Structure formats: C-alpha cells, structure tokens
Amino acid sequence: MSVDLTLQEISARFGYGLVGDGAIKISALKYASEAEENSLAVAFSDAEIINTAARAVLTEPRILPVDKVFLYCNFKKISPAICNIVRLMIDSGIYPDYEKNFEQIEKRGAFIGKNFELGEGSYIEPFANIGENVKIGRNCKIESGVFIGSDTEIGDGVKIHSGARIGANCHYHFTENRKQKSFCGVGRAIIESGVEIGYNTVIQRGSLSNTVIGGGTIIGNLVEIAHDVKIGKDCLIVSQVGICGGVVIGERVQIYGQAGIADRVKIGNGATIMAKSGVTKDIRAGQVVSGMFSRSHLEELKRQAKFRQLTKGD
C-alpha cells in the first residue's frame, strides 16, 4: 500500500463525511494544537478548529465558517475514528507498529533491540529490556528490570530505578459497540536530562503526540503517567500519583502522594497539589490546592474545620 493517503481515501474506507478538497494528502494525524499544515488535526472544539495550523480537520458534525477541509465522524465517535485512521496509517507505513514483535540481542544480561544508542559513561544492569531505536544519553543508570519501549529518547544523567516502564504502549481507552477498547499509540516518550524515575513507575508513550518529562524532574515510586502528558522542568511528583492523558504541567510543580489528575487538565508553574487531591480543573500558577475537588488549600482547611465543628459531640 502507498504511504500517501488522501482525505478521500480515508473517507471512502470508513464512510466518514467529507466537505472540501478530498485530494489533500495527509502526512500525520495529530491533536489540533500540535498539527502542522499537512496533518489531519483532531479537534474537539470550535476554538481548536479555528486555531490549528492544519488544513484538514477530523471532528464531529458542526457548522463553522472557516477555510478548512472537514472529515466528519458520527457524534461521540471521534475516539474510534482516531483509532481507525491510525491503524490505516500504520498499515500504510506512515507510522510504526508498536504492537509488533521484534528481535533483540542479549548483552551483559540485558535484552536490546536494533539501532540502540548508549552514551558514554552510561550503564545498564542485567535483565533490562529495551526496544528498537532507543537513544540513551551520557552518564545514565538503568537498573535491573527496567523496560524501555521502542523509539524512546533519554537525555544525559538520567536515573531509572528497577521495575519502571518507560515508553510503554499507551492505553487510549474508548467504547465502541458497547465494548471497551484501546490502542497502543504512535507517539514516543521523551525523558530530558537529569530526570530520576522511581521504582515500578509507568510512563506511557503518546497516543498521537509525545509524552515528555522535563529536565531535572524527580518522579517517585508507583506513579502512573498516561499518554501525551507534558511535564515541565524541575517538578516533584511523589509516589502513587496518577496523571491522565493530555495533562500539561508547568515547571517547578509539586504533586504529593496519591493525588489524581483528570485528562487534559493544565497546571501552572510553581503550583502545589497536596496529597490525595482530586484535580478536575485547571490550576493557576503558584496555586496550592487540596481535597477531592482541588480547592485552594486554605479554603479546604477552613471547610474541614467547619465540618469538625458541626459534627463535634456526635
């Protein structure tokens, strides 16, 4: 199959509506904020359609007077549409297939895929498992039992402790015909220099973009970082935190144990999220939040004090 795909070919294959020039060739499928001119942009809102650099947009049916070509899926069917198009692009050779089997060689007790690059002064302990096309910088330490997925890129001076899984295939979940499904993603994981990753932490590859961990960030044990997450420099993320897909975290952010962050939330520079917080909305720069609804930490403490007064003597 040719690696060139037109909007008309995608529309005909899956029965999606097409409005505009179907002869446009598509080089990638990306979220609207990261899409380039020749990408097919995935857009969830009018604002994303208006602001994307892409000429063509995959979205639910809507009317919007903009100079774009529209590929329409059915209402509430955008996630299955994303997966259908990605699988077609994998079959066409546009994207690699991260679910395929590949050969590895054994070297000093570690198992390593082809096209592996290891910087000077770096060390890999036995029983590490490394995919294809992985790049590891200088003076890194990869401990025993670490998994690093294909096409992962790791900077200098990175420490990854035993049991961590970096660049693991993502779990982009969606429902189709009343059944739960997922796909592995076609993005990568990028770990910048000076990062430390704790025991048994999982960092997924991106679904359509890359998952990025900023330089100098420290991540504790048993942390789950989902697909397409962007974490800034010099952050601290303590054990058992869970971060959903598409979250964007600024620099110098501190997130304490067992906090959970909902998908596509944005957290500003220098914010602090206290332990066991449930973050469902954007957090301003410098803000300190706590509690199940991530209120201002001071407000949450006042609410708890009032509740104790109301229940005193019960």
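Start with the open sheet of ten strands, whose order is β8-β9-β12-β15-β18-β23-β26-β29-β32-β35, with mixed pairing. Keep in mind as you click that this is a predicted model. To find the borders of this sheet, select 104–107 for β8 and 278–279 for β35: these are the edge strands, and each pairs on one side only.

Now go inside the sheet and pick residues 147–148, which form β15, together with residues 165–168, which form β18. The two strands run parallel and are joined by two bridges. Show Ile148 as sticks and look across to β18: the residue opposite is Ile166.

**Two loops with a positive phi**

Stay with this part of the chain and select Leu222. You'll find it in the loop between β25 (218–219) and β26 (224–225). Check its backbone: phi is near 60 degrees, a positive value in a residue other than glycine. Most residues other than glycine have a negative phi. Is Leu222 buried, exposed or partly exposed? Its relative accessibility is 47%, so Leu222 counts as partly exposed.

Next, jump to Lys276, in the loop between β34 (272–273) and β35. Here too the residue isn't glycine and phi is positive, near 65 degrees. Lys276 has a relative accessible area of 54%, so this residue is exposed.

**The five-stranded sheet**

Swing over to the other stop on the sheet tour, an open sheet of five strands in the order β2-β7-β6-β5-β4, again with mixed pairing. Colour 17–19 (β2) and 28–31 (β4) to mark the edge strands, each of which pairs on one side only. Look along the sheet and you can follow the twist, which averages 25 degrees from one strand to the next.

Select β6, residues 56–59, and work outwards. On one side of this strand are Ala56 and Leu58, on the other Val57 and Thr59; all four are buried, and both faces of β6 are covered. That fits a simple rule: in a regular strand the side chains alternate between the two faces of the sheet.

Add β5, residues 39–42, which runs parallel to β6 and is joined to it by three bridges. Which residue of β6 is the bridge partner of Leu40? Click on Ala56 and you have it.

Then add β7, residues 69–72, which pairs with β6 in the parallel sense over four bridges. Thr59 stands opposite Tyr72 of β7.

**An aromatic pair**

Keep Tyr72 on screen and show Phe70 as well. Both residues are buried. How are their rings arranged? The ring centres are 5.4 Å apart and the planes are at 15 degrees, so the pair is stacked. The count for the model comes to three aromatic pairs.

**The largest pocket**

For the last stop, switch on a surface and go to the largest pocket, which holds about 670 Å³ of space. Of the 27 residues that line it, select Tyr31, His227, Gly245, Gly246 and Arg264: these are the closest to its centre.

Which strands each supply at least two residues of the lining? Highlight β19 (172–176) and β29 (242–243). You've already met β29 in the order of the ten-stranded sheet, and Tyr31 falls within the 28–31 range of edge strand β4. Finally, colour the lining by residue type: you should see nine nonpolar, ten polar and eight charged residues.

Key
Residues are numbered from 1 along each chain as its sequence is written. This is a predicted model: local features need pLDDT of at least 70, side-chain atom pairs count only at pLDDT 80 or more; totals for chains, interfaces and linings use all residues. Side-chain values use heavy atoms; hydrogens and water are left out. On a 1 Å grid over the protein atoms alone, a cavity is a set of points where a 1.4 Å probe fits but cannot get out, and a pocket is an open set with protein on both sides within 12 Å along at least five of seven lines; lining residues have an atom within 4 Å of a point. Grid points are joined across faces, edges and corners, and a volume is the space filled by probe spheres set on the points. Ala, Val, Leu, Ile, Met, Phe, Trp, Tyr, Cys and Pro count as nonpolar, Asp, Glu, Lys and Arg as charged, and the others, Gly among them, as polar. Two strands pair if DSSP finds at least two bridges between them. Axes are lines fitted to C-alpha atoms, for helices over the stretch in contact, and angles run from 0 to 180 degrees between N-to-C directions. Rings of Phe, Tyr and Trp (its six-membered ring) pair if their centres lie within 6.5 Å; planes under 30 degrees apart count as stacked, over 60 as edge-to-face and the rest as tilted. Buried means under 20% relative accessible area, exposed over 50%, partly exposed in between (1.4 Å probe, protein chains only).
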